[in-house]
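Biologist: Could you take me on a close look at one part of this model, please? I would like to see how a single stretch sits among its surroundings.

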Amino acid sequence: MGHKYSRDDMVAAIANVTLRDGVSKLTFRNVAEELGTSDRMVVYYFPAKEDLVLAAVAALSSRMQLLLEEAFGNDRRSPDELIESAWPVLKKKNADRIFRVFLELVGLSVSGIGPYDRITHNILDEWADWLAERVDAPNQPERRRLALGVIARVDGLLLLRHALGPDAADEAARAIRMKKV
């Protein structure tokens, strides 16, 4: 009798494959190969490709959340202070693979490819709500507006880091008047 895998084992394998190969190359076969089992075992837990993608995003979102908590902290601060404290954390090597997947999701989303469009929308919406609680502003609508601005700048820096390299992103960070890069 073959080894039975739990749903958690499957999710861990899905996350590993996604970090290694990217979300667009996530398949039942490569998850099964990661575990040393059959495609059917994976399909038993995740009947559709969208289920695989959602599991990958949930697992990696948890990891991203830990990075973001380290980066932004819990105190309310100005957008500039949030970005200044976040950039040193977000540019670490351990963050690169997670944000590479996030940037891939964004690319697939803006191409109008489902389910990536819905998934990316939900991730960004949740991140904006979470970050709004850390922005120092007089009311919730203003905190949300400023949080979106922080996301735009951070994502821009991450895009430069992955497309042009760390030096270009650090130069851009200095150009937006961040003291620590």
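Modeller: Happy to! Let's begin with Phe72, which counts as buried because its relative accessibility is 0%. Please keep in mind that this is a predicted model. The buried partner to look at next is Trp130, which counts as buried at 16% relative accessibility, because the cut-off for buried is under 20%. The ring centres of Phe72 and Trp130 are 6.1 Å apart and their planes meet at 70 degrees, so this pair is edge-to-face. Phe72 belongs to helix H4 (residues 49-72) and Trp130 to helix H7 (residues 116-132), so the pair ties together parts that are 58 residues apart in sequence.

The structure holds 3 aromatic pairs. Another of them joins Tyr44 and Tyr45, also edge-to-face, at 5.1 Å centre to centre with 90 degrees between the planes. Here Tyr44 counts as exposed at 64% relative accessibility, while Tyr45 counts as partly exposed at 25%.

H4 and H7 come up again around helix H6 (residues 93-110). H6 has 18 residues and reaches 26 Å from its first C-alpha to its last, close to the 26 Å expected at 1.5 Å a residue. Among the buried residues of H6 are Ala95, Asp96, Ile98, Phe99, Phe102 and Leu105. What covers the buried residues of H6 includes H4 and H7, along with helix H1 (7-21), helix H5 (79-90) and H8. After H6 comes Gly112, whose phi is positive, near 80 degrees.

Now follow helix H8 (residues 140-163), where Pro141 lies. Pro141 counts as exposed, with 62% relative accessibility. Between Pro141 and Lys93 there are 34 Å in space, C-alpha to C-alpha, and the two are 48 residues apart in sequence.

Arg143 is also in helix H8. Arg143 is buried yet has no salt bridge, and the nearest side chain of opposite charge, Glu133, is 4.7 Å away. A salt bridge needs the atoms within 4 Å, so the distance of 4.7 Å to Glu133 does not qualify. A polar atom of the Arg143 side chain does lie 3.2 Å from the backbone oxygen of Ala137. Leaving aside residues up to four places away in sequence, Arg143 touches Arg76, Ala132, Val135, Ala137 and Pro138.

Further along H8, Arg153 forms a salt bridge with Asp80, with the closest N and O atoms 2.9 Å apart. Arg153 lies in helix H8 and Asp80 in helix H5, so this pair ties together parts that are 73 residues apart in sequence. Arg153 counts as partly exposed at 28% relative accessibility, and Asp80 is partly exposed too, with a relative accessible area of 47%.

The count of salt bridges comes to 14. One of them links Glu171 and Arg174, whose closest N and O atoms are 2.4 Å apart. Both residues lie in helix H9 (residues 166-175), 3 residues apart, about one turn of the helix. Glu171 is partly exposed, with a relative accessible area of 46%, and Arg174 counts as partly exposed at 41%.

To finish, Arg20 forms a salt bridge with Asp21, the closest N and O atoms being 3.0 Å apart. Arg20 is partly exposed at 47%, as is Asp21 at 29%. Arg20 and Asp21 are linked with Glu34 in a network of salt bridges.

Methods: Residues are numbered from 1 along each chain as its sequence is written. Side-chain values use heavy atoms; hydrogens and water are left out. Helices (H or I, at least four residues) and strands (E, at least two) are DSSP runs, numbered from the N terminus. Buried means under 20% relative accessible area, exposed over 50%, partly exposed in between (1.4 Å probe, protein chains only). Rings of Phe, Tyr and Trp (its six-membered ring) pair if their centres lie within 6.5 Å; planes under 30 degrees apart count as stacked, over 60 as edge-to-face and the rest as tilted. Lys and Arg count as positive and Asp and Glu as negative; His and the chain ends are not counted. A polar contact is a pair of N or O atoms within 3.5 Å; within protein, one must be able to donate a hydrogen and the other to accept it, and residues adjacent in sequence count only if both atoms are side-chain atoms. Contact means heavy atoms within 4.5 Å. The expected span of a helix is 1.5 Å times one less than its number of residues.
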